[in-house]
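Take a look at the chain below. This report goes from its contacts to its core, then out to its surface.

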Amino acid sequence: VTGASFVVFNGALKTSSGFLAKSSIVEDGLMVQITRETMESLRLALRDKKDFKITCGEMGAGDVKEYVDICWVETEEKTNKG
């Protein structure tokens with residue numbers, strides 16, 4: 001689990017790269033490189049306020065351990081306001 005101040009979704013990852021998606025820590029945030037198709041699916045999920053899971057790693061890798069989960073929650077935290 002990684003906490004981040006911001007998240008950047010980059011939809012320029014080429015399918016020919018051999019990766020499903022790539023994530024990396026940038027300063028105090030997270031950058032997720034995804035394909036154009038995944039970006040379109042992510043946009044739809046955000047519009048519809050639905051949870052979305054991005055699987056990161058190489059295509060064909062048997063044991064993928066890295067995911068980026070976008071989850072909508074019911075309660076709003078009161079910390080870090082102001």
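Two residues are in contact when heavy atoms lie within 4.5 Å of each other. Keep that in mind for valine 32. Leaving aside residues up to four places away in sequence, valine 32 touches Val7, Val8, Phe9, Asn10, Lys22, Ser23, Ile54 and Val68. The model here is a predicted one.

**The overall plan**

The protein has five strands and one helix. Along the sequence they follow the pattern β-β-β-α-β-β. The chain holds 82 residues, and 18% of them are buried. Among contacts with a separation of 6 or more, 40% link residues 24 or more positions apart.

**How strands pair**

β2 covers residues 19–26 and runs antiparallel to β4, with two bridges joining them. In this region alanine 21 stands opposite glycine 57 of β4. β4 also pairs with β5, again in the antiparallel sense, over five bridges. Here isoleucine 54 faces a partner: valine 68 in β5 stands opposite.

**The core**

In soluble globular proteins, nonpolar side chains tend to be buried together. What makes up the largest nonpolar core here? It has 12 residues: Ala21, Leu30, Val32, Ile34, Met39, Leu42, Ala45, Phe52, Ile54, Cys56, Val68 and Ile70. Four elements give two or more residues each to this core: β3 (29–34), α1 (36–47), β4 (52–58) and β5 (66–70). Valine 32 is one of the core residues, and its contacts include Ile54 and Val68. Ile54 and Val68 belong to the core as well, and they are the pair that stands opposite across β4 and β5.

**Next door in β3**

In a regular strand the side chains alternate between the two faces of the sheet. Now consider methionine 31, which is found in strand β3. Is methionine 31 buried, partly exposed or exposed? Its relative accessibility is 22%, so methionine 31 counts as partly exposed. Setting aside residues up to four places away in sequence, methionine 31 touches Val8, Lys22, Ser23, Ser24 and Val26. Valine 32 also has Val8, Lys22 and Ser23 among its contacts.

**Out at the surface**

Methionine 31 leads on to phenylalanine 6. The two are 25 residues apart along the chain, and their C-alpha atoms are separated by 8.5 Å. Phenylalanine 6 lies in the segment before β1 (7–10). Its relative accessibility is 33%, so phenylalanine 6 counts as partly exposed. Phe6 forms a nonpolar surface patch with Val8 and Val26. Together the three have about 190 Å² of accessible area. Val8 and Val26 are also among the residues that methionine 31 touches. For the protein, the accessible surface comes to about 6500 Å². Carbon and sulfur atoms account for 50% of that surface.

**Two loop residues with positive phi**

Which residues other than glycine have a positive phi? Glutamate 27 and lysine 49 are two such residues. The table sets them side by side.

| Residue | Phi | Place | Relative accessible area |
|---|---|---|---|
| Glutamate 27 | near 50 degrees | loop between β2 and β3 | 75% |
| Lysine 49 | near 55 degrees | loop between α1 and β4 | 59% |

Exposed means over 50% relative accessible area. Glutamate 27, at 75%, is therefore exposed. Lysine 49, at 59%, is exposed too.

Definitions and conventions
Residues are numbered from 1 along each chain as its sequence is written. This is a predicted model: local features need pLDDT of at least 70, side-chain atom pairs count only at pLDDT 80 or more; totals for chains, interfaces and linings use all residues. Side-chain values use heavy atoms; hydrogens and water are left out. Patches are made of residues with over 30% relative accessible area and no salt bridge: like charges are joined within 9 Å, nonpolar side chains (Val, Leu, Ile, Met, Phe, Trp, Tyr) within 5 Å. Accessible areas come from the Shrake-Rupley method with a 1.4 Å probe; for residues, only the protein chains shown count as cover. A salt bridge is a side-chain nitrogen of Lys or Arg within 4 Å of a carboxyl oxygen of Asp or Glu. Buried means under 20% relative accessible area, exposed over 50%, partly exposed in between (1.4 Å probe, protein chains only). A nonpolar core is a set of buried Ala, Val, Leu, Ile, Met, Phe, Trp, Tyr and Cys residues joined through side-chain atoms within 4.5 Å. Two strands pair if DSSP finds at least two bridges between them.
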